[in-house]
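The exercises below are meant to be worked with the sequence and the coordinates side by side. Try each task before reading the solution that follows it.

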Amino acid sequence: MPDAAAQARSTLRALRRSVPGLILVRLVGAGFVLWMVATLTFFAVRLIPGDPAEAILGGPGSQTSPAALAAVRAEYGLDLPVFTQYLAQLGRLVTGDLGRSYALNQDVAPLLAGQLGGTLLLAVLALAVAWLLALVLATWSTRGGRFAWFLGSGLEIVSAALPHFWLATALIVLFSVWLGWLPPVSTAGPAGLVLPVLTLAVPLAGFLGQIMRESLLAALESPFVLSARARGEGERGIRWVHALRHAALPAISLSGWAFGSLISGAVVVETIFARPGLGRTLLNAVTVRDVPVVVGTVLVVALGYILMTLLTDLAQRLADPRLRTR
Amino acid sequence: MSAESAESAESLAPGPAAALPATAAAAAPIVPVVRVRNLSVGFGPEPGASPVVEGISFDVAPGECLALVGESGSGKSVTARSLLGLAGDTAWLRADELTLGASGVLEISEAAWRCRRGRDVGLVLQDALVSLDPLRPVGREIADSLRLHTRLGAAARHARVLELLARVGLPDGENQARKRSGELSGGQRQRALIAAAIALDPPFLIADEPTTALDVTVQAQILDLLADLKRRGTGILLISHDLAVVGRIADRIAVLSEGRIVEQGPTAAVLAAPEDPVTRRMLAAVPVDKPRGLRLTAQLAPALTAQLALRDAEPARAVDAEAGAHPAAPAAAREVVLEATGLVKRFTRPDGSVQAAVDDVSFRLERGTTLGIVGESGSGKTTLARLVLALARPDAGEVRVLGEPFSVAGERAGAEKARRLLRPQLGAVYQDALSSFDPRLTVGDVLRDAVGGRTGGTTVGTTVDTTVDTTVDTTVDTTVDTTGAGRSRGRDGLRSRGGSVDRSDAAGRRIRELLDAVGLPASLLTRRPLSLSGGQRQRVGIARALASEPQILICDEPVSSLDVTVQAQVLDLLDDLQRDLGLSVLFISHDLGVIQHVSDRVAVMRDGRIVESGAAGQVFGAPQHPYTRALLGAVPRLG
């Protein structure tokens, strides 16, 4: 029996080493994760107080006749036992049908597809900006002497500790109200993107910067950097050719997690800046107890998270050749 | 002092010139590749204050190898880095003269330094695994100097890289150049690192402990490679703590102690007739060819002598050592205290294939003797140690301790509980003492932990109540004892963190006994392992191993990360302890010199198997297996 387990482990390890194998293992895992996510959300939404049938007919407090409620319950299958509803929902999900929104009276899949782009753009831009800020901060603070070091590490800690809602408000007050440079709500043009992206990017940059600076310092102290200096490599070469790549490795592996945190940050940011997107859709759906939309959004986010983790793994292989051969 | 040493260096300068071929000497006055006069280096804001290197002077002529030898902390590496202008941002440097080739490098700008590094001087560091960028192919690392200092195109650089790889003895350069340092063996890495340092044929090469992390056969190859460079006219500054290693290729030796050169002269003269006590101490410390029981630390530093005075006061032992006779020498058949039979341990490689790290190994350790197990890296020595300590499960075979089965292949899950009763009989000393300690614990905590965890023995004091100290006889039920010990450990841990050790405490007494036994002062109890020297750490490691009063000591490379002189002290200590306590020792090392010095019996391991075993004198005197002969041939010897 232990032999079989060991055999399975070594097969799994062998699979993970090749890129197609890694993707296969990840996809199987993804299926499992999505199932768990669908199950958890399905039951969690049921814990919200109130009658879903009322929500369908115009939300809590609306004057609805018992007959209308009963009709709605029958139409949406809400009168069936919970487990039957759960199985029916799973069955629909397997066929790719995310169901129909209670509140908006339209199919969930196209609804989410319409919102996905905005949120993805926000998250990807924020990740890119966070990386850029972290890189600049880490390189500058390890180079400019003691003062820069203290200032850099202080900035990182402060920005990592900033809550999104506070930062968003502060940015609006500063850039929209006082300076009047940028719109306080998200508009279609690029100017409307600046504040939301900054709100998401700055705290993340603090996190990434701390990690990058740490590993950059470790790399700069290492014997291979001394060897390179002894060959006549200059300070810029030391950083670009040798040290930065080492500094980036842990930050890359964190980026998968960071992407997940950006999506959850998007809920806050999209609401504050009145920006259409998955986050706002999710918040609205939870408020009116729109179960299909909640489940659908969470599934899409989970899928995005899984894909991002996979991308991170592939990026790590690209940046760290040792992972390819091991 | 500085004037004096400068003068002595001047007087030595003609030496290397005279040693060169007559043609070279006749053509022109030899320009040394490096010329150092009255160099002082230190760290801190105040130039001139607390120097690490003080007033040293030397020359290296083309085609000459000067060995800079000293114990750790003597200033060797700081000297090497100063010659490259890489002493660091916080360093200050003063010298009357510092010249590389024809022009001085004192007070030159960083940009000017960059032009000189790699072109006028190359650097080879210890352990190329971390001295080559692990993310870049070695071919790129080697091509770096060419990229920085020449206008060669990519193709020309590649051709030159292949040429360099061939020159340092790495054939199949096309393939090797594409590999990263992690994919090469230790010897290949060191060769690649040398190739990177000599890419521009610098007339001067600094090699800082270039062979310290290497197996003895690989070490011999690397030294041959350096000797070959020397023959082609490169001046080499070889930095090492081991006189036996430098003796192989150095023309002259400069001995560095506490930042000063205490002795400088031709290799043969320094090795044959050392003048300074430091040199004599370093020579005495080399274990190779020294008979079992002969002390390696004849000349002790004054501080150490005071520490060890108590132990060395016994005249009888001194007489033993003089005679070179070891009381533990096997007279008749002795009791076997540790026995391994047919041990096998297999590992699955990442690619799925199965490799036997230990393959059918059997040995017997007799009471009061030392069994030395010697092998190069990858031979399975450490896996064997883990099997013996039952830290890894054997796939076949068994280990018996004091006649009782200790670790058996295919044993049931609950076997560890039974084994725990025997565990105190085995003490373990590891190579990297530092990483075997919890860095947050003080030395006192580490030892208290070991003493408190003891389940056998006679006089463990255990506190049953946190307010009332009661000494409990530990012959009572083991479970009771363990809980009591655990509680006292927590309480005493707190107390010793407060800085005071309860002197009435029996555990405290035992801890001081242990410290005495390993020659450490009680003042170290409140220090943390990180603040100790390498030798002190290993002494604490030995004290911890002795805490449970074991009959058997398993030492896995106990001196491999130590300087030769510190190694000598630790080896002497182990020898004394073995005699005083009647210990049986399983001593595992890659160093044949060490094994020869400490062992009664020797087993030579290769690829997981014991290829030859027997009495030490027999294995070293008349080796039967060709592998043993090859290993012995590669051992650096004095003179």
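**Exercise 1. A pair of strands and its turn**

How many bridges join strand 20 of chain B to strand 21 of chain B, and do these strands run parallel or antiparallel?

*Solution.* The model is a predicted one, and the count in it is six bridges, with strand 20 and strand 21 of chain B running antiparallel. One of the pairs can be found by starting from Arg606(B), whose bridge partner in strand 21 is Arg609(B). The two strands make up a hairpin with two residues between them, and in this turn Asp607(B) has a positive phi of about 50°.

**Exercise 2. From the hairpin to the whole sheet**

In what order do the six strands of the open sheet in chain B follow one another, and which are the edge strands?

*Solution.* Begin with the other pairing of strand 20 (residues 601-606), which is joined by four bridges to strand 14 (residues 370-374) of chain B in a parallel arrangement. Here Leu371(B) stands opposite Arg601(B).

Next, take strand 18 (residues 552-556) and strand 19 (residues 584-589) of chain B, which run parallel and are joined by five bridges; within this pair, Ile554(B) has Leu586(B) as its bridge partner.

Placed in the full sheet, these strands follow the order 17-18-19-14-20-21, and the pairing is mixed. Strand 17 (426-429) and strand 21 (609-615) of chain B are the edge strands, since each pairs on one side only. Direction ignored, neighbouring strands of the sheet are turned by 15° against each other on average.

As a last step, consider burial: five of the six residues of strand 20 are buried, and the strand is thus mostly covered.

**Exercise 3. Helices 22 and 23 of chain B**

Which strands of chain B does helix 22 lie across, and at what angle do the axes of helix 22 and helix 23 cross?

*Solution.* Helix 22 (residues 534-546) lies across strand 17 and strand 18 of chain B, and its direction is at about 170° to that of strand 17.

The axes of helix 22 and helix 23 (residues 564-581) of chain B come within 9 Å and cross at roughly 20°. Angles under 35 degrees count as roughly parallel, so helix 22 is roughly parallel to helix 23 of chain B. The crossing of these two helices is right-handed.

To locate the contact itself, look in helix 22 for Gly534(B), Gly535(B), Gln538(B), Arg539(B) and Ile542(B), which meet Val566(B), Gln569(B), Val570(B) and Leu573(B) of helix 23.

**Exercise 4. Helix 19 of chain B**

How many of the 10 residues of helix 19 of chain B are buried, and at what angle does this helix pack against helix 21 of chain B?

*Solution.* Nine of the 10 residues of helix 19 (residues 443-452) are buried, so the helix is largely enclosed by the rest of the structure. Among the buried residues are Val443(B), Asp445(B), Val446(B) and Ala450(B).

Helix 19 packs with helix 21 (residues 506-517) of chain B at an angle of about 110°, their axes being 10 Å apart, which makes the two helices roughly perpendicular. Helix 19 passes helix 21 in a right-handed crossing. From helix 19, Gly444(B), Leu447(B), Arg448(B), Val451(B) and Gly452(B) meet Ala507(B), Arg510(B), Ile511(B) and Leu514(B) of helix 21.

**Exercise 5. Chain A and its contact with chain B**

How many helices and strands does chain A have, and which helix of chain A gives the most to the side that touches chain B?

*Solution.* Chain A has 14 helices and zero strands, and its C-alpha trace spans about 85 × 70 × 30 Å along the principal axes. Of its 326 residues, 34% count as buried.

The contact between the chains takes 22 residues from chain A and 26 residues from chain B. On the side of chain A that touches chain B, helix 1 (2-17), helix 10 (223-230), helix 11 (235-272) and helix 14 (322-325) each supply at least two residues. Helix 10 gives the most, with seven residues.

**Exercise 6. Confidence**

What average pLDDT does chain B have, and what ipTM does the predictor give the complex?

*Solution.* Chain B averages a pLDDT of 79, and 81% of its residues score at least 70. Over residues 1-26 of chain B the pLDDT is below 50, and it is also below 50 over residues 453-504 of chain B. For the complex, the predictor gives an ipTM of 0.73 and a pTM of 0.75.

Notes:
Residues numbered from 1 in each chain as written. Chains lettered and ligands numbered in written order. Predicted model: local features only at pLDDT ≥ 70, side-chain atom pairs only at ≥ 80, totals over all residues. pLDDT = per-residue confidence, 0-100. Contact = placed C-beta atoms within 7 Å. Pairing = 2+ DSSP bridges. Axes fitted to C-alpha atoms, helices over the stretch in contact; angles between N-to-C directions. Buried ≥ 20, exposed ≤ 12 C-beta atoms within 10 Å, placed from the backbone. Parallel < 35°, antiparallel > 145°, perpendicular 65-115°, else oblique. Left-handed = near helix turned anticlockwise from the far one by under 90°.
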